[in-house]
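User: I would like a close look at a single part of this model, followed outward to whatever it touches on. Please take the structure below as the starting point.

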Amino acid sequence: MSMFKKLLASVGIGSAQVDTRLEQDSLIPGEVLSGEVHLTGGDVAQEIDEIYMYVITHYERESNDSKVKEECTLIKHRLTERVVLQPKEHKVLPFAFRLPYETPLTMGRQPVYLRTGLDIKNAIDPGDSDFIEVRPHPLMAKVLDAVSQIGFQLYKVDCEYNRHLGKTYPFVQEFEFRPTGPYRSRVEELEIVFYLNENSVEVLMELDKRARGFLGAFEEAFNLDERYVRFRLHREDLQRSTGDIANSIEDLIRKQIR
């Protein structure tokens with residue numbers, strides 16, 4: 001009977017189970033993700049070689065004129081080594097680790113989730129996945145609100161493969177805005193990429209101007225209509241009003257479209 005149970009456990013029937021319970025599932029980049037991993041023994045004793053936790057997201061990459069989704073591991077956290085779980089035994093293991101500052105926001109359809117797995121030899125590894133809501137850091141929220149205030153509407157957020165602009169990871173999260181106010185006749189699109197760290201956020205802003213006449217069409221053909229500008233907000237800028245930050249961003253935009 002014991003051998004039969006071992007055989008069943010090796011294909012996942014009557015095997016150990018894992019259930020990850022998050023203390024909170026809504027965070028901002030750089031905050032600590034914490035909770036407990038609940039292990040429940042199966043019908044036979046099993047030796048768990050490793051308990052691993054991955055924070056996963058996806059990004060899109062162009063391949064043969066179509067877009068393919070690729071998975072990216074933002075961080076791997078090793079919880080423990082070697083645990084022997086007796087039949088029906090229940091163990092609770094706490095965990096805590098920091099979300100990377102480059103974690104994308106879960107706006108639009110962008111997923112971020114925690115995958116927990118047990119590494120058990122000669123058995124199908126049990127696993128558990130938990131989605132995490134990633135909200136804008138207050139500095140990022142200031143910028144998004146300011147851009148909205150000067151007449152740009154956010155219409156698309158996605159993670160795109162970009163080895164040139166990506167730093168820790170091979171992608172960047174792009175926030176694409178369309179003008180709804182006074183810039184509608186002069187700007188096609190505004191794109192923003194954030195580079196967040198502990199004390200500040202660097203903002204890369206790309207302005208795509210509308211083509212105007214022959215020279216405008218010439219610039220567009222050679223991608224000269226796309227203008228980049230960088231600026232940085234620090235922690236102390238949280239004390240500034242959104243209107244003040246909006247004025248600063250508007251000054252930068254006006255310089256680009258003169």
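Is Phe175 buried or exposed, and what is its relative accessible area?

Analyst: In this predicted model, Phe175 is buried, since its relative accessible area is 1% and the cut-off for burial is under 20%. The residue belongs to strand S11, and in space its C-alpha lies 6.5 Å from that of Val193, although the two residues are 18 apart in sequence.

Strand S11, which spans 171-179, is also a useful guide to the pocket and to the aromatic contacts. Together with strand S12 (187-196), strand S11 contributes to the lining of the largest pocket, each of the two strands supplying at least two residues. That pocket has a volume of about 340 Å³. Its lining is made up of 21 residues, of which Tyr101, Glu102, Phe194, Tyr195 and Leu196 are the closest to the pocket centre. Sorted by class, the lining holds 12 nonpolar residues, alongside 5 polar and 4 charged ones.

Strand S11 also takes part in aromatic pairing, for which the count in the model comes to 8 pairs. One of them joins Tyr59 to Phe171 in a stacked arrangement, with 5.4 Å from centre to centre and 15° between the planes, an angle that falls under the 30 degrees required for stacking. Because Tyr59 lies in strand S4 (residues 46-63) and Phe171 in strand S11, this pair ties together parts that are 112 residues apart in sequence. Both partners, Tyr59 and Phe171, are buried. The pair also has a wider setting, as ring pairs link Tyr59 and Phe171 with Tyr161 and Tyr169 into a cluster.

For a view of another part of the fold, one can turn to an open sheet of 3 strands, ordered S1-S3-S6 and paired in antiparallel fashion. The edges are taken by strand S1 (17-22) and strand S6 (90-98), and each has a single partner strand, so that one side of each is left without a neighbour in the sheet. On average, and with direction ignored, neighbouring strands of this sheet are turned by 25° against each other. Strand S1 is joined to strand S3 (residues 32-40) by 6 bridges, the two strands running antiparallel, and within this pairing Gln17 has Thr40 of S3 as its bridge partner.

Key. Residues numbered from 1 in each chain as written. Predicted model: local features only at pLDDT ≥ 70, side-chain atom pairs only at ≥ 80, totals over all residues. Heavy atoms only, no water. 1 Å grid on protein atoms, 1.4 Å probe; cavity = no way out; pocket = protein on both sides within 12 Å on 5 of 7 lines; lining within 4 Å. Points joined across faces, edges and corners; volume = space filled by probe spheres on them. Helix = DSSP H or I, 4+ residues; strand = E, 2+ residues; numbered from the N terminus. Nonpolar A, V, L, I, M, F, W, Y, C, P; charged D, E, K, R; others polar. Pairing = 2+ DSSP bridges. Axes fitted to C-alpha atoms, helices over the stretch in contact; angles between N-to-C directions. Phe/Tyr/Trp six-rings, centres within 6.5 Å; stacked < 30°, edge-to-face > 60°. Buried < 20%, exposed > 50% of the residue type's maximum accessible area, 1.4 Å probe, protein only.
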